[in-house]
Amino acid sequence: MTARLPVFPLATVLFPGLVLPLHIFEERYRALVRHLMALPDGTPREFGVVAIRAGWEVAPGGGEVTLHEVGCTAELRQVTELADGGFDIVTVGRRRFRIGDVDRDSAPYLTAAVDWLPEPAGPDEAADLLAARVISVFRQYLGLIRPDPEEISEQLPEDPTVLSHLVAATAALTVDDRQRLLAVDDTAARLRAELRLLNRETALLRQVRAVPVPLAELASPPPAPN
């Protein structure tokens with residue numbers, strides 16, 4: 001099924017179920033928020049967030065950007081209008097889509113034809129088994145990047161799909177890594193990819209921590225050349 005959505009290019013990747021707060025200051029996106037607020041009650045107030053492949057999020061005259069092919073809708077949950085006419089908004093990722101024809105002229109902001117991507121339905125034994133492994137490795141990873149052990153005692157979701165989106169959004173990955181994970185339709189395949197990424201990052205973190213540099217060495221100037 002094809003639909004048409006307002007599109008907000010960003011230098012980040014949004015995943016279903018994840019919260020995305022935004023400060024809206026450009027007039028074209030102020031117009032987008034006003035458009036969404038004016039929709040009839042019961043109509044989904046959502047726009048597409050698509051990561052930028054090349055170009056700039058903010059540029060004179062709207063700028064020219066190249067977008068990744070897969071994005072996620074952001075559902076408007078909270079709007080605070082500011083004295084200068086801008087908005088602070090809170091959105092939540094809702095559903096993934098593949099972007100098609102982009103229209104740069106019919107509205108102040110971009111709109112695009114999108115095709116909704118399938119989401120898993122029903123139990124998946126492979127995904128359930130992988131989820132348990134991902135939780136274990138992810139906790140190890142969090143223990144290496146968070147100084148306070150109490151911070152890693154938080155409850156991680158048991159639902160494999162929800163977990164896969166949380167890990168992708170939370171781990172310190174590149175935009176390209178996150179984009180590849182967002183584009184994966186199968187939860188088990190996404191979890192397998194995350195296991196590889198988490199094992200890679202955990203090994204790097206352990207290697208860095210295994211070779212500490214004395215503080216005195218960092219504070220001392222290099223020896224003068226002969």
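The legends below go with a set of close-up views of a predicted model.

**Figure 1. The overall layout of the chain.** Let's start with the whole protein before zooming in. The protein chain holds six helices and seven strands. Read from the N terminus, the elements follow the order β-β-α-β-β-β-β-β-α-α-α-α-α. Of the 226 residues in the protein chain, 40% are buried. Take the contacts between residues at least 6 apart in sequence: 67% of them join residues at least 24 apart.

**Figure 2. The aromatic cluster of Phe 8, Tyr 29 and Phe 47.** The structure has four aromatic pairs, and this view shows two rings meeting Phe 8. Phe 8 and Tyr 29 are stacked, with 4.0 Å from centre to centre and 5° between the planes. Phe 8 belongs to strand β1 (residues 2-10) and Tyr 29 to helix α1 (residues 27-37), so their pairing ties together parts that lie 21 residues apart in sequence. Both partners are tucked away: Phe 8 is buried at a relative accessible area of 6%, and Tyr 29 is buried at 3%. Turn next to Phe 8 and Phe 47, whose ring centres are 5.9 Å apart with the planes at 40°, so this pair counts as tilted. That pair links distant parts of the chain, since Phe 8 sits in strand β1 and Phe 47 in strand β3 (residues 46-54), 39 residues apart. Phe 47 is also buried, with a relative accessible area of 1%. Together, the ring pairs join Phe 8, Tyr 29 and Phe 47 into a cluster.

**Figure 3. Arg 95 over the ring of Trp 116.** Here an arginine meets an aromatic face. Arg 95 lies over the face of Trp 116, at 3.7 Å from the ring centre.

**Figure 4. Leu 20 and its contacts.** Leu 20 is part of strand β2 (residues 19-24). With a relative accessibility of 13%, Leu 20 counts as buried. Setting aside residues up to four places away in sequence, Leu 20 touches Leu 10, Leu 14, Val 49, Ile 89, Val 90 and Thr 91. For a distance to try in your viewer, pick the C-alpha atoms of Leu 20 and Glu 75: they are 9.4 Å from each other, though the two residues are 55 apart along the chain.

**Figure 5. The largest nonpolar core, with Phe 138 in view.** This core has 27 residues, and the members touching the most others are Val 134, Phe 138, Leu 163, Leu 181, Leu 191 and Leu 198. Helices α2 (125-145), α3 (160-170), α4 (175-183) and α5 (187-209) each supply at least two of the core residues. The biggest share comes from α2, with eight residues. The core also takes at least three residues from each of domain 1 (2-116) and domain 2 (126-210). Looking at Phe 138 itself, and not counting residues up to four places away in sequence, its contacts are Leu 156, Val 167, Thr 170, Ala 171 and Leu 198. A second core, separate from this one, has 21 residues, among them Tyr 29, Val 49, Phe 87 and Ala 107.

**Figure 6. Helix α3 and the cap at its N-terminal end.** Asp 159 caps the N-terminal end of α3, placing a side-chain oxygen 3.0 Å from the backbone nitrogen of Thr 161. Within α3, the buried residues are Pro 160, Thr 161, Leu 163, Ser 164, His 165, Val 167 and Ala 168.

**Figure 7. Ser 164 and its polar partners.** Ser 164, a residue of helix α3, is buried with a relative accessible area of 0%. What lies 2.7 Å from a polar atom of the Ser 164 side chain? The backbone oxygen of Thr 161 does. The side chain of Ser 164 also makes a polar contact, at 3.0 Å, with the side chain of Arg 190. Beyond its neighbours within four places in sequence, Ser 164 is in contact with Thr 187, Arg 190, Leu 191 and Glu 194.

Methods
Residues numbered from 1 in each chain as written. Predicted model: local features only at pLDDT ≥ 70, side-chain atom pairs only at ≥ 80, totals over all residues. Heavy atoms only, no water. Core = buried A, V, L, I, M, F, W, Y, C linked by side-chain atoms within 4.5 Å. Buried < 20%, exposed > 50% of the residue type's maximum accessible area, 1.4 Å probe, protein only. Helix = DSSP H or I, 4+ residues; strand = E, 2+ residues; numbered from the N terminus. Domains from an automatic or database assignment. Contact = heavy atoms within 4.5 Å. Polar contact = N/O pair within 3.5 Å; in protein donor to acceptor, adjacent residues only side chain to side chain. Phe/Tyr/Trp six-rings, centres within 6.5 Å; stacked < 30°, edge-to-face > 60°. Lys NZ or Arg CZ within 6 Å of the ring centre and 35° of its normal.
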